[in-house]
Amino acid sequence: QVQLQESSPGLVNPSQTLSLTCTVSGASIEKSYYYWTWIRQFPVKGLEWLGAISYEGRNYFNPGLKSRASISRDTSRNQFSLRLRSVTPEDTAVYYCVRVADYVVGPADYWGKGTPVAVSP
């Protein structure tokens with residue numbers, strides 16, 4: 001059984017950097033052909049795809065984030081992480097880490113439970 005678990009600070013001050021980590025169990029993040037993905041859900045606007053890191057370590061990003069995002073991985077810990085710089089209250093959302101199969105925007109087969117993040121002074 002594949003499980004994904006997000007960790008985050010919960011509350012971030014505006015203009016700071018949000019750091020999220022997803023710990024994966026039951027599958028290696030290096031296994032072909034999976035894409036380890038970050039998605040967020042806003043209270044009203046719905047879901048937004050943020051970016052992904054592939055089984056090969058290649059990055060993919062939503063261009064709407066204007067280069068604020070970076071995604072890295074630690075294969076020794078089977079974790080991948082999202083950093084989002086210069087956050088504003090508009091970044092307040094529930095953040096999910098997700099496993100996607102076959103191609104970067106393919107079907108999602110496993111989701112973390114989600115972690116709420118609030119950006120507020």
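Trainee: Why is Cys-22 called buried or exposed?

Mentor: Cys-22 has a relative accessible area of 0%, and buried means under 20%, exposed over 50% and partly exposed in between, with a 1.4 Å probe and protein chains only; Cys-22 is therefore buried. This is a predicted model, in which local features need pLDDT of at least 70, side-chain atom pairs count only at pLDDT 80 or more, and totals for chains, interfaces and linings use all residues. Residues are numbered from 1 along each chain as its sequence is written, and side-chain values use heavy atoms, leaving out hydrogens and water.

Trainee: What makes Cys-22 and Cys-97 a disulfide?

Mentor: Their sulfur atoms are 2.1 Å apart, and a disulfide is a pair of cysteine sulfur atoms within 2.5 Å. The pair links distant parts of the chain, with Cys-22 in strand β3 and Cys-97 in strand β9, 75 residues apart; strands are DSSP runs of E, at least two residues, numbered from the N terminus. Cys-97 is also buried, with a relative accessible area of 0%.

Trainee: Why is this disulfide called right-handed?

Mentor: The torsion about its S-S bond is about 65°, so the disulfide is right-handed.

Trainee: Why is the pair of Tyr-35 and Tyr-55 called edge-to-face?

Mentor: The ring centres lie 5.9 Å apart and the planes stand at 85°. Rings of Phe, Tyr and Trp (its six-membered ring) pair if their centres lie within 6.5 Å; planes under 30 degrees apart count as stacked, over 60 as edge-to-face and the rest as tilted. The pair is therefore edge-to-face.

Trainee: Why is the pair of Trp-38 and Phe-80 called tilted?

Mentor: The centres are 5.4 Å apart and the planes are at 55°, so the pair is tilted.

Notes: Helix = DSSP H or I, 4+ residues; strand = E, 2+ residues; numbered from the N terminus.
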